[in-house]
Amino acid sequence: MSHNEYDVNLRYGVDSQMSLVGKTAVITGGLGGIAMATNHMLLEKGAQLVLMYPEFEQHRLAEARQQLGDAQVAYQSCDVTDPTSVHSAFSAAQLRFGQIDILVNCAGYVNLQPATEITLAEWQQHIAVNLTGPFLCAQEMARRAIAGGHGGKIVNIASQAASIAIDHHCAYTSAKAGLLGMTKVMAKEWAPFGITVNTLSPTVVLTPMGEKAWRGEKGEAMKKLIPLGRFAYTDEIAAAILFFASNGSDMITGADLMIDGGFTIW
């Protein structure tokens with residue numbers, strides 16, 4: 001066979017079971033709604049988890065521990081906006097489980113206001129949590145993966161608001177749109193090291209935070225704009241995260257997957 005011919009019967013070796021046995025995943029915002037659904041799914045597939053959470057969510061820890069146990073899961077306080085805290089948290093994660101294979105940037109912040117009313121402090125908070133946090137965590141993971149000579153998977157949770165204008169989302173949109181751009185550059189730079197970087201862009205998700213924000217008439221009006229006519233469930237986002245964490249997505253990098261019921265088709 002000449003060097004420019006391919007054996008079309010060759011297969012990459014995609015694991016249709018999406019097993020994550022022997023893999024370690026770091027989940028930021030690890031006690032939140034999307035994260036908890038993801039934690040259950042990744043655990044089912046055999047992964048070890050490091051759940052990073054901000055100090056002010058300490059009260060959620062006992063319930064998460066009860067649900068997920070301690071054998072395969074580490075719980076790590078971390079301020080994702082602080083490089084020192086991020087470095088320490090990743091060092092602790094590596095100490096516990098060794099090589100970190102997967103990072104899911106789930107930590108997020110939103111406070112919806114008209115653009116004319118956003119204070120500088122509010123603006124900076126949106127950028128800090130939704131953009132700087134994922135940057136610091138992805139950078140930390142990539143440095144370690146490159147130094148260790150192994151690849152990895154980074155999944156950044158963006159939003160439909162990164163790609164389409166929604167009233168009162170100015171600060172949030174700015175941060176999430178930045179996340180899309182950041183993801184593409186990281187994907188390009190880190191591809192030679194076998195590190196893939198992708199984003200997921202959900203519509204309104206029925207987390208405790210999402211349900212509260214979109215309750216009542218506002219939510220009903222929003223659902224009319226979604227062709228599938230409903231909001232997303234946390235396990236639907238978790239299923240996409242599982243796909244990006246598994247080897248079936250090894251050829252996908254720098255992509256943004258819309259999980260929006262068709263909202264952004266317009």
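**Exercise 1. Place L42 in the fold: which helix holds it, is it buried or exposed, and what does it touch?**

Start with the address: L42 is found in helix α1. This is a predicted model, so every value in these exercises is computed from it.

Next, look at accessibility. Buried means under 20% relative accessible area. L42 has 0% relative accessibility and therefore counts as buried.

Now list the partners. Setting aside neighbours within four places in sequence, L42 is in contact with L20, A25, I27, A47, L49 and L242.

Finally, try a distance. L42 and L103 lie 61 residues apart in sequence, and their C-alpha atoms are 12 Å apart in space.

**Exercise 2. Describe how α1 and α8 are arranged: at roughly what angle do they cross, and which residues meet?**

First, find the two elements: helix α1 covers residues 33-44 and helix α8 covers residues 234-245. Their axes come within 8 Å and cross at roughly 55°.

Then turn the angle into a word. Angles under 35 degrees count as roughly parallel and those from 65 to 115 as roughly perpendicular. The crossing falls in neither range, so α1 and α8 are oblique to each other. The hand of this crossing is right-handed.

To finish, read off the contact. From α1 come G33, I34, A37, T38, M41 and L42, and from α8 come T234, D235, I237, A238, A239, I241 and L242. Sorted by class, this contact has nine nonpolar, three polar and one charged residues. You have already met one pair of names from these lists, since L42 is in contact with L242.

**Exercise 3. Now take α1 with α2: are the helices roughly parallel or roughly perpendicular, and which residues make the contact?**

Begin with the geometry. Helix α2 spans residues 61-68, and it packs with α1 at an angle of about 25°, the axes being 11 Å apart. The cut-off for roughly parallel is under 35 degrees, and α1 is therefore roughly parallel to α2. This crossing, too, is right-handed.

Then collect the residues. On the α1 side they are M36, N39, H40 and L43, and on the α2 side A64, Q67 and L68. They divide into four nonpolar, three polar and no charged residues.

**Exercise 4. Follow F135 into the packing of α4 and α5: which residues does F135 touch, and how do the helices cross?**

Step one is location: F135 is in helix α4, residues 120-148. With 35% relative accessibility, F135 counts as partly exposed.

Step two is its partners. Leaving out residues up to four places away in sequence, F135 touches M182 and M186. The C-alpha atoms of F135 and I102 are 15 Å apart, with the two positions 33 residues apart in sequence numbering.

Step three is the helix pair. The axes of α4 and α5 come within 8 Å and cross at roughly 15°, which makes α4 roughly parallel to α5. The crossing is right-handed.

Step four is the contact itself. Among the α4 residues in it are W123, H126, P134 and F135, and among those of α5 are C170, K176, M182 and M186. The whole contact divides into 16 nonpolar, five polar and one charged residues.

**Exercise 5. Check the cysteines: how many disulfides are there, and how far away is the cysteine sulfur nearest to that of C78?**

Apply the cut-off: a disulfide needs two cysteine sulfur atoms within 2.5 Å. The count comes to zero disulfides. For C78, the nearest cysteine sulfur belongs to C137 and is 5.5 Å away, so C78 is in no disulfide.

Compare the surroundings: C78 is buried at 4% relative accessible area, whereas C170 is partly exposed at 34%.

**Exercise 6. Examine two positive phi values: where are M18 and H168, and are they buried or partly exposed?**

Take M18 to begin with. Its phi is near 55°, a positive value in a residue other than glycine. M18 sits in the segment before β1 (24-28) and is partly exposed, at 24% relative accessibility.

Then turn to H168. The phi of H168 is near 70°, again positive in a residue other than glycine. H168 lies in the loop between β5 (152-157) and α5 (170-190), and with a relative accessible area of 44% it is partly exposed.

Note on methods:
Residues numbered from 1 in each chain as written. Predicted model: local features only at pLDDT ≥ 70, side-chain atom pairs only at ≥ 80, totals over all residues. Heavy atoms only, no water. Axes fitted to C-alpha atoms, helices over the stretch in contact; angles between N-to-C directions. Helix = DSSP H or I, 4+ residues; strand = E, 2+ residues; numbered from the N terminus. Parallel < 35°, antiparallel > 145°, perpendicular 65-115°, else oblique. Left-handed = near helix turned anticlockwise from the far one by under 90°. Contact = heavy atoms within 4.5 Å. Nonpolar A, V, L, I, M, F, W, Y, C, P; charged D, E, K, R; others polar. Buried < 20%, exposed > 50% of the residue type's maximum accessible area, 1.4 Å probe, protein only.
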